[in-house]
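Open the model in your viewer and switch to a cartoon view with side chains available. The stops below are meant to be followed in order.

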Amino acid sequence: MKKIGLFFGTETSKTSKIGKKIKEAFGDADIDIIAIEEASAEDFEKYDNIIAGASTWFDGELPSYWDELLPDLESVKMKGKKVAIFGLGDQVKYPDNFADGIGILAKLFETNGAKVVGFTSPEGYKFDHSEALKDGKFLGLVIDYENQASKNEERISNWVAQLKQELNK
């Protein structure tokens with residue numbers, strides 16, 4: 001498997017915990033963790049396989065550390081790159097924009113030519129609307145840390161097993 005760049009906010013406790021669990025689940029795969037708070041567009045150019053993580057803030061927004069980087073990322077050519085996205089959301093408090101951050105990132109990466117992989121089922125979640133949903137699938141791994149923490153390990157394990165296949169194709 002090609003080296004993976006794993007990008008997420010290392011200063012946000014829950015997103016950081018999930019990102020580290022994803023790396024652990026990959027076992028001995030060659031993965032670099034890149035703190036998104038310090039990342040540049042050039043960091044994304046270094047990898048053919050990217051995993052990006054973000055929580056969804058407020059009314060469906062990306063955290064500020066992603067917002068600050070987005071203008072630079074719009075110029076990165078991503079043709080031939082595969083991107084998997086994980087995100088955190090709260091389906092009880094924010095059912096109208098549940099895990100929207102995943103959808104925002106997926107749109108950016110696809111617009112720049114990347115192939116988004118790692119789609120998951122929305123089964124087992126209860127929400128009204130999500131930008132992370134496309135054609136009946138989530139555009140990545142959705143974690144509801146507040147309401148379904150007991151499902152995190154299984155969801156991460158299943159997703160990583162799926163990514164091991166999809167990133168090698």
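What follows is a list of selections, with a short account of what is found at each.

**The whole domain**

Keep in mind throughout that this is a predicted model. Begin by selecting residues 4-164, the range that the UniProt annotation "domain: Flavodoxin-like" covers in an unreviewed entry. Over this range the chain is 33% helix and 21% strand. The C-alpha atoms at the two ends of the range are 11 Å apart.

**Strand 1 and its partners**

Next select strand 1, residues 4-8. How many of the residues of strand 1 are buried? The count is 5 of 5, so the strand is mostly covered. Turn the strand to look at each face: Ile4, Leu6 and Phe8 lie on one side, Gly5 and Phe7 on the other, and all are buried.

Add strand 2, residues 31-35, which pairs with strand 1 in the parallel sense over 5 bridges. To find the register, pick Ile4, whose bridge partner in strand 2 is Ile31. Then show helix 1, residues 13-25. Strand 1, helix 1 and strand 2 together form a right-handed β-α-β unit.

Now add strand 3, which is also parallel to strand 1 and pairs with that strand over 4 bridges. Here the residue to pick is Phe7, whose bridge partner in strand 3 is Ala52.

**The nonpolar cores**

Select Phe44, Trp66 and Phe109 and show their side chains. These are the residues with the most contacts inside the largest nonpolar core, which has 35 residues. The elements that give two or more residues to this core are helix 2 (41-45), strand 3 (49-55), helix 3 (64-73), strand 4 (82-88) and helix 4 (100-111). Another core, of 19 residues, lies apart from this one; Ile4, Ile22, Ala84 and Ile156 are among its members.

Centre the view on Trp66. Which residues does Trp66 touch, leaving aside its neighbours within four places in sequence? They are Phe7, Ile36, Phe44, Ala52, Gly53, Ala54, Leu73, Leu105 and Phe109. Both Phe7 and Ala52, the bridge partners from the previous stop, are in that list.

**Helix 4**

Move to helix 4, which has 12 residues. From its first C-alpha to its last it reaches 17 Å, close to the 16 Å expected at 1.5 Å a residue. Colour its buried residues: Asp100, Gly101, Ile102, Gly103, Leu105, Ala106, Leu108 and Phe109. An α-helix has 3.6 residues a turn, so residues three or four places apart point the same way. What covers the buried residues of helix 4? The cover includes helix 2, strand 3, helix 3, strand 4, strand 5 and strand 8 (141-143).

Look at what flanks the helix. Ala99 sits in the loop between strand 4 and helix 4. Its phi is near 60 degrees, a positive value in a residue other than glycine. Ala99 has a relative accessible area of 1%, and because the cut-off for buried is under 20%, Ala99 counts as buried. Helix 4 is followed by Gly113, whose phi is also positive, near 100 degrees.

**Ala132 and Asp135**

Select Ala132, in the loop between strand 5 (115-117) and strand 6 (133-134). Ala132 is buried, at 0% relative accessibility. Beyond its neighbours within four places in sequence, Ala132 is in contact with Ala99, Asp100, Ile102, Gly103, Lys137, Phe138 and Leu139. For a distance check, take Ile104: Ala132 and Ile104 are 28 residues apart in sequence and 7.6 Å apart in space, C-alpha to C-alpha.

Go on to Asp135, in the loop between strand 6 and strand 7 (137-138). Is Asp135 buried or exposed? At 75% relative accessibility, Asp135 counts as exposed. Asp135 has a positive phi of about 50 degrees although it is not a glycine.

**Last stop: Gln165**

Finish at helix 5, residues 152-166, and pick Gln165 within it. Gln165 is exposed, with a relative accessible area of 56%. Its C-alpha is separated by 15 Å from that of Asp30, a residue 135 places away along the chain.

Terms used: Residues are numbered from 1 along each chain as its sequence is written. This is a predicted model: local features need pLDDT of at least 70, side-chain atom pairs count only at pLDDT 80 or more; totals for chains, interfaces and linings use all residues. Side-chain values use heavy atoms; hydrogens and water are left out. Buried means under 20% relative accessible area, exposed over 50%, partly exposed in between (1.4 Å probe, protein chains only). Contact means heavy atoms within 4.5 Å. A nonpolar core is a set of buried Ala, Val, Leu, Ile, Met, Phe, Trp, Tyr and Cys residues joined through side-chain atoms within 4.5 Å. Two strands pair if DSSP finds at least two bridges between them. A crossover is right-handed if, with the strands pointing away from the viewer, the path from the first strand over the helix to the second runs clockwise. The expected span of a helix is 1.5 Å times one less than its number of residues. UniProt positions are given in the numbering used here, feature names are shortened, and annotations may be inferred rather than shown by experiment.
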